[in-house]
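Open the structure in your viewer and keep the selection tool at hand. The stops below say what to select next and what is there.

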Amino acid sequence: MISVAIMGHGTVGSGVAEILTTHRHKLFTALGEELYIKYILDLREFPDSPLADRFTKSFEDIINDIEVSIVVEVMGGTNPAYDYVKRCLKQGKSVVTSNKELVAKYGAELLAIAKDTNANFLYEASVGGGIPIIRPLTQCLVANEVDEIAGILNGTTNFIFGKMINDNMDFDSALKLAQELGYAERNPEADIEGHDACRKICILASLAFGKHVYPESVYTEGITKITLEDVKYANELGYVIKLIGDVKKHSDGKLDICVCPMLISKDCILSDINDVFNGIMVKGDCTGDVVFYGKGAGKLPTASAVVADIVDCGKHLKTRKRVFWSDCDGSNIRSYKDSITAVYLRVEGDGEIASEVFPDSEIKTADGCTVLLTKEYTFGEIEEKLSALEADGVRVLQAIRIGNL
Ligand code: HSE
């Protein structure tokens with residue numbers, strides 16, 4: 001029997017306890033041993049829970065119990081999660097987490113501690129909810145040099161886009177519904193301002209390219225400035241707008257990485273990822289494009305990935321899994337100004353000056369404004385051209401990257 005402690009009994013934590021209980025026989029068959037929930041750490045009371053006798057408010061119960069070999073961290077945030085996880089790993093207890101903030105901020109350090117103590121630190125649920133992506137990257141695709149990873153990594157914003165476009169729901173109501181359904185972060189700003197997707201692309205980039213990518217070094221834009229008008233014009237031009245996390249390796253070895261809304265051609269498979277679903281495209285040098293698709297948020301999908309890691313830890317109690325990267329100071333990242341992209345522009349008026357500043361653009365006139373799909377430039381050049389337009393008295397109403405995926 002393997003004793004497990006679960007730290008946190010919120011949306012994901014209660015889902016983990018539920019799956020460990022309801023799928024007990026299935027998991028026993030997979031592991032060859034029983035997984036026993038010995039503790040659930042939460043400051044709240046759950047007197048009606050069938051596991052009411054396992055609840056504790058004290059982390060010390062868990063850290064001091066030598067029978068507990070696997071600790072699940074599903075509290076979210078970094079305080080006290082970082083301290084608790086570090087102490088568990090230092091004691092040689094394996095840790096499974098769904099906490100992307102923790103992994104994106106402290107992954108290199110926590111993985112190094114796990115290496116020292118021969119413990120495992122697994123984080124499949126931190127990216128893509130129920131979609132397998134960490135394990136495929138480290139196992140099934142291990143023979144590849146990864147050229148690029150691009151994905152819809154935030155279920156909440158994708159859900160909001162869908163509700164706005166298909167159900168004519170306003171932004172705030174769609175966000176409220178996403179919160180009610182347990183998709184959104186405790187502070188939904190992390191979803192709509194792109195920070196959640198940023199943490200996830202940082203984890204994927206760190207894993208795929210071997211050096212820690214910190215969220216602060218990633219150009220990040222959210223979806224709050226996207227209007228229904230832009231969604232409509234993009235649609236007429238053969239595109240959809242999605243919040244995309246993208247990382248690719250440049251020929252100089254550095255990474256082009258960003259999170260921002262992008263126009264995606266309707267021919268691209270990511271354009272069909274709707275509702276709370278996530279889609280992650282990995283371009284491998286041997287495989288070509290491989291796409292992972294599934295529910296990127298929610299109680300049981302995310303808990304499913306956590307439980308898979310618990311089973312994996314149970315199978316590797318004495319050996320360490322190589323899901324590892326080293327620390328880095330940001331020198332592995334190119335400036336966002338050097339990234340090359342075409343843009344969708346919407347400017348007030350007839351677009352005459354804009355079409356001179358951005359020659360050879362595809363142009364569409366609309367109600368009182370003009371839409372341009374420009375050629376490719378560095379983002380630095382685009383910023384300069386936009387400033388020049390504003391200086392000429394042209395109001396730029398919107399500028400969105402056009403994804404080349
Ligand atoms: N808030 C996140 C999302 C939850 O909407 O994708 C899963 O990480």
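A residue counts as buried when its relative accessible area is under 20%, as exposed when that area is over 50%, and as partly exposed in between. Lys100, with a relative accessible area of 14%, is therefore buried. Note before going on that the model is predicted.

Stay on Lys100 and add Glu185 to the selection. Their side chains form a salt bridge, with 3.0 Å from N to O. Lys100 belongs to helix H5 (residues 100-117) and Glu185 to the loop between H8 and H9, so the contact ties together parts 85 residues apart in sequence. Unlike buried Lys100, Glu185 is partly exposed at 22%.

Next, select Lys248 and Glu148, another salt-bridged pair, at 3.7 Å from N to O. Because Lys248 sits in strand E9 and Glu148 in strand E7, this pair links parts that are 100 residues apart in sequence. Glu148 is buried, at 7% relative accessibility, while Lys248 is partly exposed at 29%. Returning to the previous stop, extend that selection to Asp196 and Lys200: salt bridges with shared partners join Lys100, Glu185, Asp196 and Lys200 into one network. The whole structure has 28 salt bridges.

Now select helix H7, residues 155-167. Its 13 residues span 17 Å from first to last C-alpha, close to the expected 18 Å. How much of H7 is buried? Ten of the 13 residues are, so the helix is largely enclosed by the rest of the structure. Among the buried residues are Phe159, Ile160, Phe161 and Met164. To see what surrounds them, show strand E7 (146-152), helix H8 (171-180), helix H9 (189-192), helix H11 (228-236), strand E9 (239-249) and E11, against which the buried residues of H7 pack.

Look at both ends of H7. Asn154 caps the N-terminal end, with a side-chain oxygen 3.2 Å from the backbone nitrogen of Thr156. After the helix comes Asn168, which has a positive phi near 55°.

From H7, move to E11 (residues 277-284) and E12 (residues 288-295), which pair in the antiparallel sense over eight bridges. The two strands make a hairpin with three residues between them. Within this pairing, Ile280 stands opposite Phe292 in E12.

Finish at Asp309 in helix H12 (residues 299-315). Asp309 is buried, at 2% relative accessibility. Leaving aside residues up to four places away in sequence, Asp309 touches Val96, Leu122, Tyr123, Glu124, Ala125 and Arg135.

Terms used: Residues are numbered from 1 along each chain as its sequence is written. This is a predicted model: local features need pLDDT of at least 70, side-chain atom pairs count only at pLDDT 80 or more; totals for chains, interfaces and linings use all residues. Side-chain values use heavy atoms; hydrogens and water are left out. Helices (H or I, at least four residues) and strands (E, at least two) are DSSP runs, numbered from the N terminus. Buried means under 20% relative accessible area, exposed over 50%, partly exposed in between (1.4 Å probe, protein chains only). Contact means heavy atoms within 4.5 Å. Two strands pair if DSSP finds at least two bridges between them. The expected span of a helix is 1.5 Å times one less than its number of residues. A polar contact is a pair of N or O atoms within 3.5 Å; within protein, one must be able to donate a hydrogen and the other to accept it, and residues adjacent in sequence count only if both atoms are side-chain atoms. A salt bridge is a side-chain nitrogen of Lys or Arg within 4 Å of a carboxyl oxygen of Asp or Glu.
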